[in-house]
Amino acid sequence: ISREARAGRDIPITSVDPVVRLTITEGSVRGLIRAAGDGIGGAIVGRVRLDGDVTVPGEPISIDVTASGVFGRNLLDLAQEMRAVIGETLREHTELNVVAIDVTIQDVHTQRTASTEVPR
């Protein structure tokens, strides 16, 4: 997690003003991916990696995501839904040329239920 908490590389964003330089950080993009994946019922995103040179506009990159899926859910369907939602989020919020989104479900977790324990 500490590696993913850092800002990482600057990813350029097109500006209509040639004097203005706009960027989004790699950490922000990982946050977008994490929020998109975690927003899917039954998924918990683990590691997120952007492979390729994100600092060059239009350069093809791939996204590698690991996740945990809730016990009882079809994990293939979960991975496909994660790919679709992550792709849609990246198209909406970035200018990245994403050529592949690899989702690996490497763990299974149980559904959390409300706790009756009083917090300390």
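The following paragraphs lead through a sheet, the helices that pack on it, and one residue of an edge strand, in a predicted model.

The sheet is an open one, built from 3 strands in the order 3-4-5 with mixed pairing. Strand 3 (43-51) and strand 5 (97-109) occupy its edges; each has a single partner strand, so one side of each remains without a neighbour in the sheet. On average, neighbouring strands of this sheet are turned by 20° against each other, direction ignored.

Strands of a sheet pair through backbone hydrogen bonds, in either a parallel or an antiparallel manner. Between strand 3 and strand 4 (residues 60-70), the pairing is antiparallel and extends over 7 bridges. Within this part of the structure, Asp51 has Ser62 of strand 4 as its bridge partner.

Two helices are to be placed relative to these strands. Helix 2 (residues 26-38) lies across strand 3 and strand 4, and runs at about 150° to strand 3. Helix 3 (residues 75-93) also packs on the sheet, where it touches strand 3, strand 4 and strand 5. The direction of helix 3 makes about 140° with that of strand 5.

Strand 5 contains Asn97. Is this residue, Asn97, buried, exposed or partly exposed? Its relative accessible area is 33%, a value between the limits of 20% and 50%, so Asn97 counts as partly exposed. Beyond its neighbours within four places in sequence, Asn97 is in contact with Gly58, Glu59, Pro60 and Ile61. Pro57 is 40 residues apart from Asn97 in sequence, while the two C-alpha atoms are 8.0 Å apart in space.

Conventions. Residues are numbered from 1 along each chain as its sequence is written. This is a predicted model: local features need pLDDT of at least 70, side-chain atom pairs count only at pLDDT 80 or more; totals for chains, interfaces and linings use all residues. Side-chain values use heavy atoms; hydrogens and water are left out. Two strands pair if DSSP finds at least two bridges between them. Helices (H or I, at least four residues) and strands (E, at least two) are DSSP runs, numbered from the N terminus. Axes are lines fitted to C-alpha atoms, for helices over the stretch in contact, and angles run from 0 to 180 degrees between N-to-C directions. Contact means heavy atoms within 4.5 Å. Buried means under 20% relative accessible area, exposed over 50%, partly exposed in between (1.4 Å probe, protein chains only).
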